[in-house]
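Hello,

Here is the structure I promised to pass on to you. Have a look at it first, and then read on for what turned up.

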Amino acid sequence: MSRRRRFIGLLAAVSALAFGASLVAANSASAAGTFNIRDYGATGNGSSNDSAAIQKAVDAASAAGGGTVRVPSGTYKSANTIHLKSNVVFQLDSGSTISGASGTGYDAAESNSYDQYQDYGHSHFHDAMFSGDRLTGIGFVGSGTIDGGGHLITGNPDKGEADKILSLTRCTGLTLNGVQFRRGGHFAILTNNCNNITSDGLRIDTASDRDGWNVISASDVTVTNATIAANDDALVFKSDYALGTKLPNGHVTVTGSHLSAQCCNALMFGSETCGDFSDYNFQNITITGAQKSGLGMVSMDGANISDVHYRDITLTGVRSPIMEKIGTRKRCGNSPGVGHISNVTYDNITATGAGPSFSPTLWGQSGSNRISGVTFNNVHITVPGGNGTMSTSVPSDNGDYNPNSLGTRPAYGWYIHNANNITFTNSSVDFAKDDGRPAVIANAGSNLTFNGLTVEKGSKSPYDLGFQSVTGYCVTNAKTTTGAAATVNSSNSTASCGTTPPPTTVTVTAEAESGMLTSPMQVQSDAAASGGHYVTVAAGNNSKTSAPSNGSTVIPFTVGSAGTYKLWGRVIAPTDEDDSFWVRLDNGAWTDWNDIAAGSSWHWANVTDDTDSDATVLAGLTAGAHTISFAYREDGAKLDRVLITDDLTLVPTD
């Protein structure tokens, strides 16, 4: 079955599940009861402070075991933070508005010892119109509006000021359907470590403020038919260290949406990128404006970003249509290394750049941190052009994540640096105004293929495609917009067509504490551990003859391609009597991982099978989602991090 058919089938299944879940949620809320905020004293006159009445309705619904807080038509001023509760869903009727207020009545920002790893706004969650932590089954539905009213802060708020409308941490089961969020301050919506999110018909207008929706450290997210107009970032996926740990991200689908960003990024990964990202699908999206990236992806803080797919997307008025960059900022509390970007596809993309523009760019790092495995099929980009000839040497990198961090590229079209296994098929790049630079320059890479590429040649351009220190480039059926054969310039490079590029390796890492834990397994702190935490079993628990029924961490992960994988754990085994775990993949048989090298320091050890003379465990995995489980065997063994890779020669060192 083709990827397209699998993807459409997945969307249909997800939509059906989301629709069914919405019906269940609605029926449950109906059964539990509806709590009209006017019954609790809300006036809806737009001037009286209705916060207390709204909170009473929330509390009443929570006390009843859950329900719907109904907001009927009217304008309800809310000058204090509303504290959300589990199993309580807001229903905003047509003509209803909950409006923010000036003054200092909102909750003060809480302290956060991890402030240094992300911007202030990402580090604090209490200073919002609505906030909640560790909640389940919550949502905002209907056709009404929540409007900051121009009173929310776009910078760092003082005590009692709010800088966001909705702020949620560590939640499960969030629904955002139909409701409009306006003038959100720094963020209309900020969710951090909230999973199982469904959203349909969400409307966000923060074009006069800053960010639309920051989806941080999230798994299992479905967004359909969203309209987000932002000033800063519109819809952005991040993973920071605000909660004191590195968290995984993935299984995300965004379809049928319209995004715009006046100053910054429309659809973006980063810049906060501590945890890994895998399994993202973006389809049928229109982007109308982004003064930074239209489709942006950066790994600045050690994240591995893989298995990301863009299809059927139209971009206009974007300053940098497509950009991928691996940076070395390493702003994460787990002492990260340099990240990776791999297995990314772009299909049926049309983009028109806005001047001044920054050329579409792939920018990796040297060695094993090159960008790898990116394909472009039917991707057509028009850039403003208008530059003269310039040096074709590698531009300098100021270390930032923004498109301007590399300055003006020496190619008006694609600039590719430190990248392997890149393929362009039936694609084109042209300019609105004559440009003296080449259409494509690739520097430092291998296995770069251009098949059926159409380029526009500038009147003073020295050549069309240039390769600098590239091993194995292939240009076939490339032509200019006038029909002439495209010209190629090569230095310290080798051409190679007809050979099969080596397969892209897949490496996935995850924190042990990010899994689903069952007692007596527990999370402990250690500054030397990745993310500052590790998993072990409470003292006195041993299960040497068989895996226990409880006492494990079940860690989800996704691999982008089928293959044979090797399993690693970052561990401490204090003694020969405390040196083992039970391990299994998915719901398979348990493996007795014994005889881990004893010591007092964290180190990587590959998973072996004690019953097979400590042979290395090699697992055949299909492409897609999996789980790896570690259960206790001996009570002194500690597990910090796991790594799954099809690079059987890799020996992790970080």
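The link of Cys 171 and Cys 194 is right-handed, with 130 degrees about the S-S bond. This is a predicted model, so please keep that in mind for everything below. In this disulfide, the S to S distance between Cys 171 and Cys 194 is 2.1 Å. If you look for the two partners along the chain, you will find Cys 171 in the loop between strand S11 (164–169) and strand S12 (172–177). Cys 194 sits in the loop between strand S14 (187–192) and S15. The two are 23 residues apart, and the pair links distant parts of the chain. Are these cysteines buried or exposed? Cys 171 has a relative accessible area of 1%, which is under the 20% cut-off, so Cys 171 is buried. Cys 194 is buried too, with a relative accessible area of 1%.

In case the term is new to you, a disulfide is a covalent bond between the sulfur atoms of two cysteines. How many disulfides are there here? The count comes to four. Numbering the bonded cysteines in sequence order, they pair as 1-2, 3-4, 5-6 and 7-8.

Another of these links joins Cys 263 and Cys 264, whose sulfur atoms are 2.3 Å apart. Which hand does the link of Cys 263 and Cys 264 have? With -75 degrees about the S-S bond, it is left-handed. Here the partners are not alike in exposure: Cys 263 has a relative accessible area of 31% and is partly exposed, whereas Cys 264, at 5%, counts as buried.

Next, find Cys 474 and Cys 497, which also form a disulfide, with their sulfur atoms 2.0 Å apart. The torsion about the S-S bond is about 110 degrees, so this disulfide is right-handed. Cys 474 lies in strand S32 (residues 465–476), while Cys 497 is in the loop between strand S35 (494–495) and strand S36 (507–511). The pair therefore ties together parts that are 23 residues apart in sequence. Cys 474 counts as buried, at 8% relative accessibility, and Cys 497 counts as partly exposed, at 45%.

Now for a pocket. The second largest pocket has a volume of about 780 Å³. It is lined by 26 residues, and Asn 193, Asn 195, Ser 514, Gly 515 and Met 516 lie nearest its centre. Which elements give two or more residues to this lining? They are strands S15 (195–200), S18 (219–224), S37 (516–517) and S40 (552–559). The lining divides into 13 polar, nine nonpolar and four charged residues.

Finally, the chain as a whole. Its secondary structure comes to three helices and 49 strands. The C-alpha atoms fill a box of roughly 75 × 65 × 45 Å along the principal axes. For 654 residues, a compact globule would have a radius of gyration near 26 Å, and the chain agrees with this because its own value is 26 Å. Buried residues make up 57% of the 654. Among contacts between residues at least 6 apart in sequence, 75% join residues at least 24 apart.

Enjoy exploring it!

Best wishes

Notes:
Residues numbered from 1 in each chain as written. Predicted model: local features only at pLDDT ≥ 70, side-chain atom pairs only at ≥ 80, totals over all residues. Heavy atoms only, no water. 1 Å grid on protein atoms, 1.4 Å probe; cavity = no way out; pocket = protein on both sides within 12 Å on 5 of 7 lines; lining within 4 Å. Points joined across faces, edges and corners; volume = space filled by probe spheres on them. Helix = DSSP H or I, 4+ residues; strand = E, 2+ residues; numbered from the N terminus. Nonpolar A, V, L, I, M, F, W, Y, C, P; charged D, E, K, R; others polar. Disulfide = S-S within 2.5 Å. Buried < 20%, exposed > 50% of the residue type's maximum accessible area, 1.4 Å probe, protein only. Rg over C-alpha atoms; globule rule 2.2 N^0.38 Å. Contact = heavy atoms within 4.5 Å.
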